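Colleague: I am new to this one and would like some help finding my way around. Could we go through the features together?

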2 protein chains.
Amino acid sequence: MNEIEVFKDHLRAAGLKDTVQRKVVLNTFLNTEKHVSVDDLYRLVNRAKRHVGYATVHRTMKLIAESGLAREVMFNDGVVRFDHCYGREHKHHHHLVCTQCKKVIEFSSQALDREEQRILSKHGFESVSHRYEIFGLCRECRQKANRK
Amino acid sequence: MNEIEVFKDHLRAAGLKDTVQRKVVLNTFLNTEKHVSVDDLYRLVNRAKRHVGYATVHRTMKLIAESGLAREVMFNDGVVRFDHCYGREHKHHHHLVCTQCKKVIEFSSQALDREEQRILSKHGFESVSHRYEIFGLCRECRQKANRK
DNA sequence: CTGAATGCAAACCCTTTGCAAGGAA
DNA sequence: TTCCTTGCAAAGGGTTTGCATTCAG
C-alpha cells in the first residue's frame, strides 16, 4: 500500500472527504525532503499549483500526521515541522542540527537503541515517541569558522 | 561559589544592576523543581511576593540562562521551560516525559554519552547543546492503564 | 441534497519589544 | 546624575478557529 492509499484509507475510515486540496498538499509533502513546516508547505503548494489556504494546509498536515505518514517535530525555534515516517515507524532516527547553516543530518544507531531499551526498562517506562537532537556546527561550518 | 554569587557576578560583568525583582525571580527559580516556564515563575513570584511584571520575569530568566544557572528546553508544546543546570554543566541529562501525568524523569548514561561522541566524530559535528526526550507512559500510569 | 471542507480573517497563545516613569550606582 | 530596569501595553510570529460559502459524495 503506497502513501496515497494510506491517506485515502485514513480519510475513508474517518468519514472525511477526498478533496483536490488534500491531494495537492499530500503530494507536495511527499515530494519534499525532510522537516517542512506548515509555512514551507504553504509556499510550495502555492508556488506550483492552484491556491490553497494556509488553514487548509495546516489542517491537512494534521490529518496526514494522524494517518501515520508524518509526525510532528519541533526544534528549538518553536515551529512545528513534519518529518516523513511512512515505512519507518520503527526505525529510530535522530537529528544533528547545524545552528549555523540550519542543515539537518539524520542519524541512527543500534547502540543508541539498545541503550534506550535499557533505560526504559530500568524506569519501567513505555516509549511512545522520542527524539534526540544535537545542536551545533556541522563539518562545513566548522571549517568556515576556522578559516577566519 | 553559590548560585546567587554566580548570578551577581554575571550582572557585574555585564554592567547590569542588582535589583529587587531580579533577586526575587532568581530565588523563586532556585526554589523550584525542574522545568518551569516563564508563566509558572510569574505565578509563583506573584503568589508570595510583591508584584513583578511578566516581562521582567521573562528578561530575568534570559539573564539567568546566560549566567549558566539555567538552560532553555522545549518539549512538544512549544513553551520554553528552564532547566536547572548549575554544577552540572557537563553532566548530560535527558528526559523521560510521561504524556499522561506530565511527570518528567531525568536520566543520564555514560554509554549514551560515549555513543554520542562516536556519532559526532563520525559526522565531523561539533555539539553545542543537545536534548534527548522520550515521550510515553511512566510505570505508574502504565499500571493504572492496565488495571482498567 | 447534506454534511464536510475551504478560505478568509480574526482569535489565540506565548514571546518579545517600545517607551515613559522609577531606581540603582 | 546617569543609565539601566521596570511594568504596561502593544506588537510579533506561529497556530488554531468561526463562519459563510463551496463542494464531494
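Colleague: Let me start in chain B. Which strands does helix α2 of chain B lie across, and at what angle does the helix run to β3(B)?

Modeller: Happy to help, and please keep in mind that this is a predicted model. To read a helix against a sheet, look for the strands it covers and then for the angle of its axis. Here helix α2, residues 20-30 of chain B, lies across β1, β2 and β3 of that chain. The helix runs at about 70° to β3(B). Helix α4 of chain B, residues 54-66, lies across β2 and β3 of chain B, and its direction is about 115° from that of β2(B).

Colleague: And what is the order of the strands in the open sheet of chain B?

Modeller: The order across a sheet need not be read from the strand numbers, so follow the pairing. The open sheet has 3 strands in the order β1-β3-β2 (chain B), and the pairing is antiparallel. Because β1 (36-37) and β2 (70-74) of chain B each have a single partner strand, they stand at the edges, with one side of each left without a neighbour in the sheet.

Colleague: How many bridges join β2(B) to β3 of chain B?

Modeller: There are 5 bridges between β2(B) and β3 (residues 80-84) of chain B, and the two strands run antiparallel. To find one on screen, go to B:E72, whose bridge partner in β3(B) is B:F82.

Colleague: Now chain A. How many helices and strands are there in chain A?

Modeller: Chain A has 6 helices and 6 strands. Along the sequence they follow the pattern α-α-β-α-α-β-β-β-β-α-β-α. Its C-alpha trace spans about 50 × 50 × 25 Å along the principal axes.

Colleague: What does the domain assignment of chain A give?

Modeller: It gives domain 1 (1-88) and domain 2 (92-148). For a pair of domains, look at the spacing of the centres and at the contacts. In chain A the C-alpha centres of domain 1 and domain 2 lie 24 Å apart, and 9 residues of domain 1 are in contact with 9 residues of domain 2.

Colleague: Last one: which residues line the largest cavity?

Modeller: For a cavity, ask about volume and then lining. The count is 1 cavity of 30 Å³ or more, and the volume of the largest cavity is about 30 Å³. Its lining is formed by A:E115, A:R118, A:I119, A:K122, A:H123, B:F107, B:S108 and B:S109. Helix α5 (residues 110-123) of chain A supplies the largest share, 5 residues. By class, the lining has 2 nonpolar, 3 polar and 3 charged residues.

Notes
Residues are numbered from 1 along each chain as its sequence is written. Chains are lettered from A and ligands numbered from 1 in the order in which they are written. This is a predicted model: local features need pLDDT of at least 70, side-chain atom pairs count only at pLDDT 80 or more; totals for chains, interfaces and linings use all residues. Side-chain values use heavy atoms; hydrogens and water are left out. On a 1 Å grid over the protein atoms alone, a cavity is a set of points where a 1.4 Å probe fits but cannot get out, and a pocket is an open set with protein on both sides within 12 Å along at least five of seven lines; lining residues have an atom within 4 Å of a point. Grid points are joined across faces, edges and corners, and a volume is the space filled by probe spheres set on the points. Helices (H or I, at least four residues) and strands (E, at least two) are DSSP runs, numbered from the N terminus. Ala, Val, Leu, Ile, Met, Phe, Trp, Tyr, Cys and Pro count as nonpolar, Asp, Glu, Lys and Arg as charged, and the others, Gly among them, as polar. Two strands pair if DSSP finds at least two bridges between them. Contact means heavy atoms within 4.5 Å. Axes are lines fitted to C-alpha atoms, for helices over the stretch in contact, and angles run from 0 to 180 degrees between N-to-C directions. Domain bounds come from an automatic or database domain assignment.
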